[in-house]
Amino acid sequence: MPCCSHLTWSTNEFKEWARQGQAALPMQSALPRTYLILVGYLTDGRQENKEKLVDGCLYVKDNTGIIPCELLHFELEWLESLFLFPSWSYIPQTDQSAAGYLEILVDPVPVNLVKKVPDSIPVTYQASAKTLLTSRSLCKKRSKLTVAGELTRCGPLLCIHHKTFFFLFLKCFASAVWVPVLVQKPSQLAWHHTLQLGRRYAITGLNLTSLKKSGQRMFVTSDSSCLLPYCAEQMREQSLDSAWQGESTQSSSLETAEQLSDILELRVEEERPRSTKESKIISYVGFVTKILNIQAGLFLLDNKVCLCLAYQQLLNSARGLRPGACVELIDVHLLQKPLVSFPFIVLGACLSSTVVLKSFSRLSTPYQPPASSGNLYLELLFRYNLGMPLYLWLVSLLETFEERFSCFFGRCQPLLRSMHRNPGAAEKFLVPLLRAAVPDTEESRDIYNEILERIHQCPLQKYVTLNPPCQAPSLSAVCRVAEQKSWEGFSPSQLLSPLEEQHMGTQELNRRLAWSYCTLSAGSFQPRLILLGVLRVSSRSSSLQLQDKSSTLSCVISHRDGSPFAHTALIGSLLQVETYQLVVERFLQTDFPSWEHLTNLEYVRQKKHSVYVQFYYEDVQVLHAAEGQIQKSLGRRNSSSLRKRDGGSLTSELETPEAKMLKLEDPKPDTHSDENCREVQSSARTTSCVSQLFLVTQKEGLMLRNYQLPGKDDGEGWELQRSFQATVLWLGRPRLWSHPREIGNLPELEESVSDGEEGTTRQEALLLFMGKSLRWFPFLHLNGLYRFIVPRCSDLEVFDKLCFPPVPVKFLSRSSCPLCLPVQDTWHLQHETWISRLPELAARSVLTGMDQRISSIPEVLSNSFTGSLVSFSGKIVERTLCASPKTEKPSVTVSVQKQKGSLLASEHTVKLSVSVAPGSPVVLDVYIASTYLQHLRGLLPGATILFQNLERKISRFRNVYCIYIASSCVSIISLPASRLPFPFSPAGENSSTSLVFLSSLQPHLQSLPQARILCHLSCVLTLSLQWVCSLCSSIFKEGRCTRHSPPCPSHTGVRQASARVLVEDGTGEALVLCRNQHVAAMLGLSLLEWEALQNCVQSRGSVSVQHGEATGTGCVEEPEDLIACYLRSLCRSPLICRPILLDFSLDRKPSKILQPGPLQLRNFRSDEVEFVSQVGPRLRLLCLNVKEVEQDTLSYLNSKRMRRTSSHC
Ligand SMILES: [Zn+2]
Ligand SMILES: [Zn+2]
């Protein structure tokens, strides 16, 4: 308990004292009063423990113990005397276990003062000063000197190479000369407490010395040196050489807080960004109002100025510097805005500044001492010779780092501790950043020079306002900023092409808006954002996550070589990622009536989003490797499960990143912490474990299944359990290990290789993952060799005992049915290797009899493909939402999952167009119902995905497509290239499309995304312009929907147009279906003409014309209708028939199935030339873009084409 004692005071006196103390900080309470008598010896610790304690601090001791104390006034002769302390405060540390210190408020009363009456003061008659300083020979005589003068400066206590010392400066009376004196004997360090600026002292027994490096001269104390008050009668004054002359203390002014703000206001005006500023040297008196960061030596004075003591090493452990204390700062640097994000102006105390405690705090404010050793703040400050801007940035990074991760690693794993040979996580994180930020040219710091140089030199003199080069904020802040960025400047019309949107009905329009995403990289943030997090895996969401104290962030990790991420050993490790894609999936619930309302955001009903990050394992830096999970559960042990895997048959493992990681891992946990926190191992607890090696031959997706969690056998609440299952091949037999760390290479494989006989040691099993074991979902992959480890178990039959047949025994007719094994919560999964990395012999023996097949996309598309379940990999070209097929009834799972808050409405299905490689014409569509999408992250255009066990289907148009079913599974092989294309790409943008011939198109390859032909428009077969209701698609006429039963409330019509035209390119003929704006282009109408035409249709509802007929069948308008007449004549006009450049895709849903017809001979006309060509059946194409052909281009293209054609014939 903090307390104070004032023996001689009345209650009123105490109250007045406390009241005054509270004036500065009204929120704090004063120290409570106690009535204890304190009697003890004052000592500098010299007799305690050799010289270990002599660190320049003072102590009060009695026969029961010793406690540090801080005095405002101290006389050297008090040392080793017994005192009664009438007035003192006891300040405990915030950490209750450590002892606090005493603040001595009033001079102690001696009980038995040993009067050390000095003998006559030794007077040394110095040789002529000039000779003294110039002649080397005289110095070698080592004659002891006495120097007297006024104390002008007293430096801070410093400790360098385990030697504690300080400098003081005496000004000679006769001249303005001041001489430096180095005080370095342990018994003299107590002088530091008694010295008072402006008083006169004489110091005896000094030697003259000079610095090797700079040759600067100074006096240094000897063992016989004494510090004496100066008495003029006893001393003979010597004038010193002119070499000292000209030195004078720097001019400095004493500022009050008010004056300070005046200066600052002036400075604001003249401040220029990014220019080097010179700090002003000032003096200042103020109250400590807050401790900003004790480890970093940052204090807040008067609520407005930050005092930085870091450059002075903080050797007195900042005792006395509690809120409420008054300090005087002499010759400190004033830095106005060293760091953009730092809110205060900074007073930086350098080695030539003096910090004097003027009065103790009367408040009950806590004291937390800075770490005396291994203080990473100070360590890095001195190692990299940081200026104030970089130091403050370092402090902010470290503060955030500690705040975010100390809860994970606790006190035993000091993240912040600095060890030269064993850097902690924070140091691993910061050192590269500092190296990048500190210019190489920076000289190493010369502290003697800083202290002694006549012209002051120190790291605080000049500074440039720093814009932090990077940031590492908490994960909750990352999510918040990412979310903000993703909605910032978002407008629904961004997601749609302006030409398409005006023809969309309500449903389609809103569906296109429902799901979108954006990706952010480190550089999308200002400053660059570095992700840090502890890798966790959630059994609730079965996803990998980065975690800190504030939040979690789901992540998708891939390998650059395409192998899946399976590093089970990485769980619990602290990772740093600088190259990543932060994905924000946006979910919008809107009911825009039509495109015209897109700017009115009232129609946005709900906005949701989910954020996750994806990155490559190769871009991960492990800042702190986790101890093996199993070890953790067995109690802390000084071991690592990671290091065992080198050597043996698995030499290939060494080249993997896994091997790289091992090097990153701490070679040995630091012994100090190990002693402190190693749990006492209970001898009774067994460390033995049983392991079983297996190969994954099939993995199914996560979904609700009809299983029961163990321990809920009572039949009540037979709920569907979220689960996944995997078919595995047991390799070898279960093995017993005395400790998990002893698990060796892969002896099971050698065994099965040498075994030779198949079937004896191999058996299939169906692993069932539920509850907590769901956490293994992201790690378990096809073709991976894994090991189950059952901790604290010695029963080799543990796996057999838990197995059960998947169906009741009476139905179990076939013996080949694999046994079902529910994976227990306590088991650990350990990834060993991939089958592809096994030595050939072992791999072959494992693979024998395995039927594992991954098809290619053309194989899946081919008509000859048999089988309904397919696995293949491909790159996502496009991701679109479509309506779920109405025929599919929503299953039970749908309703359950909907309750759990799926972000996409259940009526949606996602269509992924997957191609073999970018630009490949072969595309396969994969449909995934929105209910499955909850657990599927990373399905973004550009990503390469391995799809497993999809159901292959054939549409009524004979198109092959795949759907994601319960047993399906996806894994992400590679992430999209860093910059993703905009969600839609307006047709025709792709100018690199090369020209093809109609005859070269193969109708059986239905999935040609886009191609271009130069063709001749032969005629327009049908043309129809309509206004349709945006809700029900009925004809919309004169501002109303024409549907009557039931009446439609819609007030919005959407214009739509379609046309079928015939084109030929000399090698073949094709029927082209054009829609909307392409119709205008086909007809050669300008936008204005098209607009006018459509407006004319508005009153009519619909206009259609058909080729070769006077009146169109099914037309609603009279034959005399002007618009119909106009369109008919337009279609018949010879001007329509012209050469065009047509971008198209094959119509994948033609109204009739194409029958391969016989080749025919047809007449064609190209310019003035007529020729005959053999053509196949008419192709059906979808128009994507129409371009007029310039005359020059046409003749160029034609000549080129003729050459090619003739070479064909
Ligand atoms: Zn300085
Ligand atoms: Zn309607």
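Reader: Let's start small: what is the relative accessible area of Cys1029?
Author: First, this is a predicted model in which local features need pLDDT of at least 70, side-chain atom pairs count only at pLDDT 80 or more, and totals for chains, interfaces and linings use all residues; side-chain values use heavy atoms, with hydrogens and water left out. Residues are numbered from 1 along each chain as its sequence is written, while chains are lettered from A and ligands numbered from 1 in the order in which they are written. Buried means under 20% relative accessible area, exposed over 50%, and partly exposed in between, with a 1.4 Å probe and protein chains only. Cys1029 counts as buried because its relative accessible area is 1%.

Reader: And Cys1032, which class does that residue fall into?
Author: Cys1032 has a relative accessible area of 24%. That value is why Cys1032 counts as partly exposed.

Reader: Which residues are the protein donors of the zinc ion (ligand 2)?
Author: Donors are N, O and S atoms within 2.8 Å of the metal (3.2 Å for Na, K and Ca), and sites may look incomplete since water is not among the atoms. Here the SG atoms lie 2.2 to 2.3 Å from the zinc ion (ligand 2), and the donor residues follow the spacing C-x2-C-x8-C-x6-C in sequence. They are Cys1029, Cys1032, Cys1041 and Cys1048.

Reader: What arrangement do the 4 donor atoms make around the zinc ion (ligand 2)?
Author: Four donors count as tetrahedral if all angles lie between 85 and 135 degrees. The donor atoms around the zinc ion (ligand 2) subtend angles of 98 to 122°, so the arrangement is tetrahedral.

Reader: What about the zinc ion (ligand 1): which residues coordinate it?
Author: The site of the zinc ion (ligand 1) is tetrahedral too, with angles of 95 to 120° among its 4 donor atoms. Along the chain its donors have the spacing H-x16-C-x105-H-x1-C. At 1.9 to 2.2 Å, the coordinating residues are His333 (NE2), Cys350 (SG), His456 (NE2) and Cys458 (SG).

Reader: How many residues apart in sequence are the parts that Cys350 and Cys458 tie together?
Author: Both of these cysteines are buried. Helices (H or I, at least four residues) and strands (E, at least two) are DSSP runs numbered from the N terminus. Cys350 is in the loop between β23 (345-348) and β24 (354-359), and Cys458 is in the loop between α9 (447-452) and β25 (462-463), so the parts this pair ties together are apart in sequence by 108 residues.

Reader: Which helix gives the largest share of the largest nonpolar core?
Author: A nonpolar core is a set of buried Ala, Val, Leu, Ile, Met, Phe, Trp, Tyr and Cys residues joined through side-chain atoms within 4.5 Å. The largest one has 71 residues, and among those with the most contacts inside it are Leu347, Trp393 and Phe429. Its largest share, 12 residues, comes from helix α7 (residues 388-409).

Reader: How many residues does the second, separate core have?
Author: Val537, Val696, Phe769 and Leu774 are included in this second core. Its count of residues is 61.

Reader: How far apart in space are Leu307 and Ile345?
Author: Leu307 is found in strand β21 and counts as buried because its relative accessible area is 0%. Contact means heavy atoms within 4.5 Å; leaving aside neighbours within four places in sequence, Leu307 has contacts including Phe299, Leu329 and Leu347. Leu307 and Ile345 are 38 residues apart in sequence, and C-alpha to C-alpha their distance in space is 8.7 Å.

Reader: Within what arc do the buried residues of α1 fall?
Author: In helix α1 (residues 11-24), the buried residues are Phe14, Trp17, Ala18 and Gly21, and they pack against β1 (3-6) and β2 (33-34). On the other side, Asn12, Lys15 and Ala23 are exposed. The arc is taken from the directions from the helix axis to the C-beta atoms. The buried residues line one face of α1, because seen down the axis they fall within an arc of 95°.

Reader: Which element has the lowest mean pLDDT?
Author: pLDDT is the predictor's confidence in each residue, from 0 to 100. The mean for the protein chain is 76, with 72% of its residues at 70 or more. Strand β21 (residues 305-308) has the highest mean among the elements, 94, whereas the lowest, 33, belongs to helix α14 (residues 657-664).

Notes:
Tetrahedral: all angles 85-135°; square planar, octahedral: opposite > 155°, others 65-115°.
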